[in-house]
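Good morning, colleagues. Please take a moment with the sequence and the structure before I begin.

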Amino acid sequence: MHAADDDDVMEQENEQSPKKKTLQPSGIAFDALAGLLDSYSSGDTKNIRRPIPTLPFQQQQQQKSHPSSISTPVRSTSIPQVNTPNVATFQARLNKAEIVVEHIGNETKNKTTSENKKTPSIQFKSLVQPYKYMYQTIYKRANALNKQLEEFEDLFLTMLNTKENDKTNSVLYPIGNAVQDEVPLVGRIVCDSAGQLNAQSITLEGSSRTSKCNRVRLDVSSLPNYSLFPGQTVMVSGIYTNDGCFHAKQLTTPPMISQAIETKIMNDLNLMMAAGPFLLANGNLNALEELLKRADEDSTIQMLILLGPFVDERSSYVQNLQEKTYEQVFNEIIEKIQSFRVKTILIPSLRDIHHDSIYPSYPFSINEPKDSTLLYGCEPSILTIDGLQCAITSTDILCHLSSEEISSNQTTDRMCRLIRHLFQQQSFYPLIPPNESISIEYEQAFEHAKIDSLPHLFITASDLRPFIKFVDSVCAINLGRLVKNQDSTMINNASGTYAKVHLSKTTDNISNGTILNDHLHIQILRL
């Protein structure tokens, strides 16, 4: 019998077996669990329990009329609600088309951009196919995490044996097996409590193959510098102390992944990119229409890349939606995009309420004719545009990492350091456990959310300030949001941001960071 059918067989066996009474935790059990959480938590996190999710009005009506129908998965009412500007505020915005951040390469200075409307060739590395989720058992999840850790063990072991001058092969010592000598350990950084990671709660967890999943407390007081976050795989050299801790003397992160293959750009590339939300108050599409007009009127733009959310679950308009379905709102957005006939790639977001909120997320399931101007990618996506390799994610991993990372004596730019973590951990989302807003299927993530080689462009949508950074040989771009949340200074910032990317043709290898830097002209502009 195939392994893929194990869950179906188990489900059938459960249906045939006699029904057993389900044991529900009593109030006393819940109080005991809360007390256990309190003993490991800070004052700010004590007695915090998830509220029971309730159905939105729209889904309540659906269940009354169609009790057996399957609709969009229920989401918790704890989702924050944000207000977007109305049409009048948007029309009165200041600093239209203002350049927020710009990078001008040496080879693009004083160079006229060619009007080349020819659509470039596009190739997705791999597209996530729709899959069953919430079927992942604890054993399967643990096995997937352990397999990833063992791969990093092999990587570190190869690195150690390459550095050694003698003929003896280096070995990795098991975690928890205390010895008197200085030894190297490889493991995953975890927090030993329910609170946030700090210098006193760092624990190293080993693999089942080497360490039988044992853990040891890490003492990082002697490290000259470090940058750590939960889920990070590292190699630590040091000694065991009498109190059972491992006193770290040297911390080694995984080596950077290899660069992309040699790439030459035979024609100029001109791209426009933006990230949602795209809806103003009351579901108005003026902001999206303004973006599409600029893409259509610019004679150089060959392609538009749009990152979700398209129907944002945090929008006050969407949360109070009653007269339409989520799918109808999304279809209105699609019709607006199609009316401009601009070649467009759509990347979903986990905040898209009309789409399954699971990571990695498969493309929007809309059947389009072959001559359609729309292409649908998955989240995350790695695609090649005329040889230019782009790694794209709509998940705000940088914001999630920045809230969990702890560091000491770091001199590098923080955003560059966080992006470098992704490349070293070979993952679009290396944070374990993930942010509470993210649901990860690890078996799918290790296949479709893995970064095998350094891309030329790393494109993300974050609530952090828009930026253009060069990390080793990669150009990283934070697009910002096309529609910003409403606040007291709305007139000054009602317009969100989008990006224009120009890459001039060259016979040199753009996988060389210097060459890529010289031939790129990037602008992040206000709408």
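Let me start with one residue, L306. Setting aside neighbours within four places in sequence, L306 is in contact with A274, F278, L288, L291, I337, T344, I345, L346 and I347. I should say at once that this is a predicted model.

L306 belongs to a wider group. The largest nonpolar core comprises 38 residues, and L306 is listed together with L291 and L346 as having the most contacts inside that core. At least two residues of this core come from each of the following elements: strands β9 (269–275), β10 (303–307) and β12 (374–376), and helices α7 (286–297), α8 (316–319) and α9 (326–338). Helix α9 supplies the largest share, namely six residues.

There is also a second, separate core, which has 33 residues; among them are A144, L350, I382 and I440.

I turn now to the strands. Five of them form a closed barrel in the order β3-β4-β5-β8-β7, and the pairing is mixed. From one strand to the next, the twist averages 55°. Within this barrel, how do β5 and β8 pair? Strand β5, residues 215–219, and strand β8, residues 246–252, are parallel and share two bridges. L218 has F246 in β8 as its bridge partner.

Finally, I would draw attention to a histidine, H400, which lies in helix α10, residues 397–404. Is H400 buried or exposed? Its relative accessible area is 10%, and H400 is therefore classed as buried, the cut-off being under 20%. Again apart from neighbours within four places in sequence, the residues in contact with H400 are Y429, L431, N435, S437 and I438.

Thank you for your attention.

Terms used: Residues numbered from 1 in each chain as written. Predicted model: local features only at pLDDT ≥ 70, side-chain atom pairs only at ≥ 80, totals over all residues. Heavy atoms only, no water. Core = buried A, V, L, I, M, F, W, Y, C linked by side-chain atoms within 4.5 Å. Buried < 20%, exposed > 50% of the residue type's maximum accessible area, 1.4 Å probe, protein only. Helix = DSSP H or I, 4+ residues; strand = E, 2+ residues; numbered from the N terminus. Contact = heavy atoms within 4.5 Å. Pairing = 2+ DSSP bridges. Axes fitted to C-alpha atoms, helices over the stretch in contact; angles between N-to-C directions.
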